[in-house]
Amino acid sequence: MNKIFAVVFFLGIPSFADPLPAKPPVPANNPMSPVKVELGKKLFFDPRMSLDGSVSCNSCHNVMGSGTDNLPTSVGVNGKHGGRSAPTVWNSAFLSVMFWDGRMPSLEEQAKGPLTNPVEMAMADHGFVVDRIKKIPGYVDEFKKAFPKEVKSGTDITIDHFAKAVATYERTLITPNSPYDLYVKGNKKAMSAAAIRGMATVQTVGCTSCHMGGNFAGPALPEGTGFFQKFPVFPGSDYEKKYDLVKDLGKFEATKTEGDQHFWRVPTWRNIAVTAPYFHNGSVKTLDEAVRVMAKMQLNKELKSDEVTDIVAFLESLTGKFPEQKMPRLPDTLGTSFF
C-alpha cells in the first residue's frame, strides 16, 4: 500500500487521489539541468519568438499568475483571437498529451505549435524561429551550455533544442502542498468542513470517474496516450446553446476520425479556482456555474445549491503553492533589428 494512503486509511481520511507528485516524469532524451531550465525560461518569456515581437509563451500562459491569461480566448499577433481558451501551464508536466484536443504527445511537441500558428505567434516556419535565435549571441552561448554534446556553434541549434529547453522549464512549474495535499498527508485541519463535504460529493455524484489521479486529470499514462472523455455525455441541455459548447468538435478537428467528435482531453482540477473562465471556449465565467454545467451535461444531474457550494469549496482546496517566478533578463540583440 502507498505509504501516504496507509496513513490516510489509518486516520480515517477519505480520499481518491494521491497528493501531487514532487517531481514530474522526465523523458530520457531530455534530462533536466539548471542551465537548460534557465534557457527555457528565457525563451518562454521572450516575445522575439513571435513575428512582430509582441507575443511570448507567457502572454497566454502567465506564470506570474494562474498559468493562463484568464481570457475566453487568447490574443495573438495583430490582435487575432484563437478559437479556444488557453489551458494553464501549471502542472502540465503531468499530462500525457497536450492541448484541449490532445493533438500533441508531449511538452516538447506542444512548444513548437504556437510558434507557427497564424493567430498566435505567426512565425513563417520553425526555420525562421531558429534563424532569429542564431542572431542573438547570448542565446547561442546558452544553447551551447544547455546542450554541450549537440550544440558546438550556432549552426547546430535546431527547433528541437528550442522545444526541449522550453519543456524543461515547464516541468518546474508544479504547485504542491494544496490544502487537499496536506489533508491526505494527515493534516485533518488543512481543509474546511465544506471542502471535506465537497470531496465526498464529487465522489458520490460521479465526477471522479474522470477527474482522478494526482493531477485530477485522469490516471498517470505513458507520454502520448491521453485520457479523453466525450463532452457532452448527455446532449440536449439548455447549457449547450447558452454557452455554445458543442460547435467545436474537439479531438475530431485534429484527427478527422468520426468517433472522435466531441472528445476532449480531461482537464486538470488543480488550481481551477484561479483559471476562469471555463471550458474550451472560455464561455463560463464562474466556477459554481461550471460545476452545474458539468453535472448536467456529463452526469445528467441537477445539483442542489449546497452541493454546488461544497464542491466549489473542495475545488478551491486544490489550489497549490506557486513557486516564485522572477522575470529573466533576456539576451541582447546587440544592434540586430528583427522588426
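The following exchange concerns a predicted model and the reasons behind the terms used to describe it.

Reader: What makes tyrosine 183 count as buried?

Author: The relative accessibility of tyrosine 183 is 5%. Buried means under 20%, so tyrosine 183 meets the term. Tyrosine 183 is part of helix H8, residues 179-184. Its C-alpha atom is separated by 9.0 Å from that of proline 19, although the two residues are 164 apart along the chain.

Reader: Why is asparagine 70 called partly exposed?

Author: Asparagine 70 has a relative accessibility of 35%. The term covers values between 20% and 50%, and therefore asparagine 70 counts as partly exposed. This residue sits in the loop between helix H3 (57-60) and helix H4 (107-116). Asparagine 70 also has a positive phi, about 55°, although it is not a glycine.

Reader: How do you know that asparagine 177 is partly exposed?

Author: The relative accessible area of asparagine 177 is 31%. That value falls between the limits of 20% and 50%, so the term applies. Asparagine 177 lies in the loop between H7 and H8, and has a positive phi of about 60° without being a glycine.

Reader: Why are the buried residues of H6 said to line one face of the helix?

Author: The buried residues of H6, which spans residues 137-146, are Tyr139, Val140, Glu142, Phe143 and Ala146. Seen down the axis of H6, they fall within an arc of 170°, and so they line one face. The buried residues of H6 pack against helix H2 (34-45), helix H5 (126-134) and helix H7 (159-170).

Reader: What makes the pair of phenylalanine 44 and phenylalanine 45 edge-to-face?

Author: A pair of aromatic rings is described by the distance of the centres and the angle of the planes. For phenylalanine 44 and phenylalanine 45, the centres are 5.9 Å apart and the planes stand at 65°. Centres within 6.5 Å make a pair, and planes over 60 degrees apart count as edge-to-face; both conditions are therefore met. Phenylalanine 44 and phenylalanine 45 are both buried. The whole structure has 13 aromatic pairs. Ring pairs also link Tyr180, Phe216, Trp269 and Phe314 into a cluster.

Reader: How do you know that arginine 103 lies over the face of phenylalanine 99?

Author: Arginine 103 is placed at 3.8 Å from the ring centre of phenylalanine 99. The distance limit is 6 Å, so the value satisfies it. The definition also asks for a position within 35 degrees of the ring normal. Lysine 251 likewise lies over a ring face, that of phenylalanine 228, at 3.9 Å from the ring centre.

Reader: Which residues have the most contacts inside the largest nonpolar core?

Author: They are Tyr180, Phe216, Trp269, Phe279, Phe314 and Leu315, in a core of 37 residues. The elements giving two or more residues to this core are H8, helix H9 (193-205), helix H10 (238-243), helix H12 (287-299) and helix H13 (305-316). Leaving aside neighbours within four places in sequence, leucine 315 is in contact with Trp269, Ile272, Leu287 and Val291. Apart from this core lies another, of 36 residues, among them Phe45, Cys57, Ile133 and Val140.

Reader: What is omega for the cis peptide bond that joins phenylalanine 231 and proline 232?

Author: Omega is about 5° there. Proline 232 belongs to the loop between strand E1 (228-230) and H10. The peptide bond from alanine 276 to proline 277 is cis as well, with omega near 0°. Proline 277 is in the loop between strand E2 (263-265) and H12.

Conventions: Residues numbered from 1 in each chain as written. Predicted model: local features only at pLDDT ≥ 70, side-chain atom pairs only at ≥ 80, totals over all residues. Heavy atoms only, no water. Buried < 20%, exposed > 50% of the residue type's maximum accessible area, 1.4 Å probe, protein only. Helix = DSSP H or I, 4+ residues; strand = E, 2+ residues; numbered from the N terminus. Arc of directions from axis to C-beta. Contact = heavy atoms within 4.5 Å. Core = buried A, V, L, I, M, F, W, Y, C linked by side-chain atoms within 4.5 Å. Phe/Tyr/Trp six-rings, centres within 6.5 Å; stacked < 30°, edge-to-face > 60°.
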